[in-house]
Amino acid sequence: EAELQEQTHYTQPVLFALEVALYRWMESVGVRPSYLLGHSVGEIAAAHVSGVLTLSDACELVLARGRLMQALEPGGAMASLAATEEEVRAVLGSLGGVVDIAAVNGPRSCVVSGDADAVAQVEEHFARAGRKTTRLRVSHAFHSARMEPMLASFARVAESLRYGEARVPVVS
């Protein structure tokens, strides 16, 4: 069902499976990376395919992450902005820590995450400056301070896993 696609306890494992499958397909046709790069659940996929995490441990971590995030109070917002990290940081400084940079996707591409009203203020600022802004369809404000209540439980799961050496360097 469509609304299930937006629930992170489903999307996290699906994204992980897709990313690992794409890596394995590329591997099967002879592509060998010099480095692996990952952000968010992609970082867990990179850790797995590099050999840092077994498939079982990576799946355990992804499932715990999705479950713990889904259990948080829904709300907040995320937005993609055509802006540099420095430009975004300058705007966030006046908001009292209720919006964070969730990702720097490129030299002029950032994602912000946090309280919905404050994210809307950031979007308005950049829209007035003629910059493209896109509100992301998410159930929670991922990669923001709103995730802090799940961190201790997530750390306990992460600490219970076995970690190996990376066969391919991973850039976090």
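Start with the salt bridges: a search of the whole structure finds 6 of them. A salt bridge here is a side-chain nitrogen of Lys or Arg within 4 Å of a carboxyl oxygen of Asp or Glu. Side chains of opposite charge can pair when their charged atoms come close.

Before selecting anything, note that this is a predicted model, in which local features need pLDDT of at least 70 and side-chain atom pairs count only at pLDDT 80 or more, while totals for chains, interfaces and linings use all residues. Residues are numbered from 1 along each chain as its sequence is written, and side-chain values use heavy atoms, with hydrogens and water left out.

**Stop 1: three salt bridges**

Select R162 and D57. Their closest N and O atoms are 3.5 Å apart, and the two form a salt bridge. R162 lies in the loop between helix 6 and strand 6 (170–171), and D57 in helix 3, so the pair ties together parts that are 105 residues apart in sequence. Helices (H or I, at least four residues) and strands (E, at least two) are DSSP runs, numbered from the N terminus. Is each partner buried or exposed? R162 is exposed, with a relative accessible area of 56%, whereas D57 is buried at 4%. Buried means under 20% relative accessible area, exposed means over 50%, and partly exposed is in between (1.4 Å probe, protein chains only).

Next select E87 and R131. This salt bridge has its closest N and O atoms 2.8 Å apart. E87 is in helix 4 and R131 is in the loop between helix 5 (116–128) and strand 5, with their positions 44 residues apart in the sequence. E87 is partly exposed, with a relative accessible area of 27%, and R131 is also partly exposed, at 22%.

Then select R135 and E123, whose side chains meet in a salt bridge at 2.5 Å, N to O. R135 belongs to strand 5 and E123 to helix 5, 12 residues apart. R135 is partly exposed at 40% relative accessible area, while E123 counts as buried at 12%.

**Stop 2: the sheet**

Keep R135 on screen and turn to the strands. Which residue stands opposite R135 of strand 5? The residue is A79. Strand 2 (residues 77–81) and strand 5 pair in the antiparallel sense over 3 bridges. Two strands pair if DSSP finds at least two bridges between them.

Now select strand 4 beside strand 2. These two strands pair in the antiparallel sense over 5 bridges, and M78 stands opposite S113 in strand 4. In strand 2, 4 of the 5 residues are buried, so the strand is largely enclosed by the rest of the structure.

Show the whole sheet. It is an open sheet of 4 strands with the order 3-4-2-5 and antiparallel pairing. Strand 3 (99–106) and strand 5 (133–135) stand at the edges, each with a single partner strand, so one side of each is left without a neighbour in the sheet. Neighbouring strands of this sheet are turned by 20° against each other on average, direction ignored. Helix 4 (residues 85–92) packs on the sheet, touching strand 2, strand 3 and strand 4 (109–114), and its direction makes about 175° with that of strand 3. Contact means heavy atoms within 4.5 Å; axes are lines fitted to C-alpha atoms, for helices over the stretch in contact, and angles run from 0 to 180 degrees between N-to-C directions.

**Stop 3: a buried valine**

Select V62, in helix 3 (residues 55–71). V62 is buried, with a relative accessible area of 1%. Which residues does V62 touch, not counting residues up to four places away in sequence? V62 touches Q12, P13, F16, V41 and I44. Add E6 to the view: V62 and E6 are 56 residues apart in sequence and 16 Å apart in space, C-alpha to C-alpha.

**Stop 4: two backbone angles**

Most residues other than glycine have a negative phi. Select S40, in the loop between strand 1 (36–37) and helix 2 (41–50). S40 has a positive phi of about 65° although it is not a glycine. Then select H143, in the loop between strand 5 and helix 6 (151–159). The phi of H143 is near 60°, again positive in a residue other than glycine. At 27% relative accessibility, H143 counts as partly exposed.
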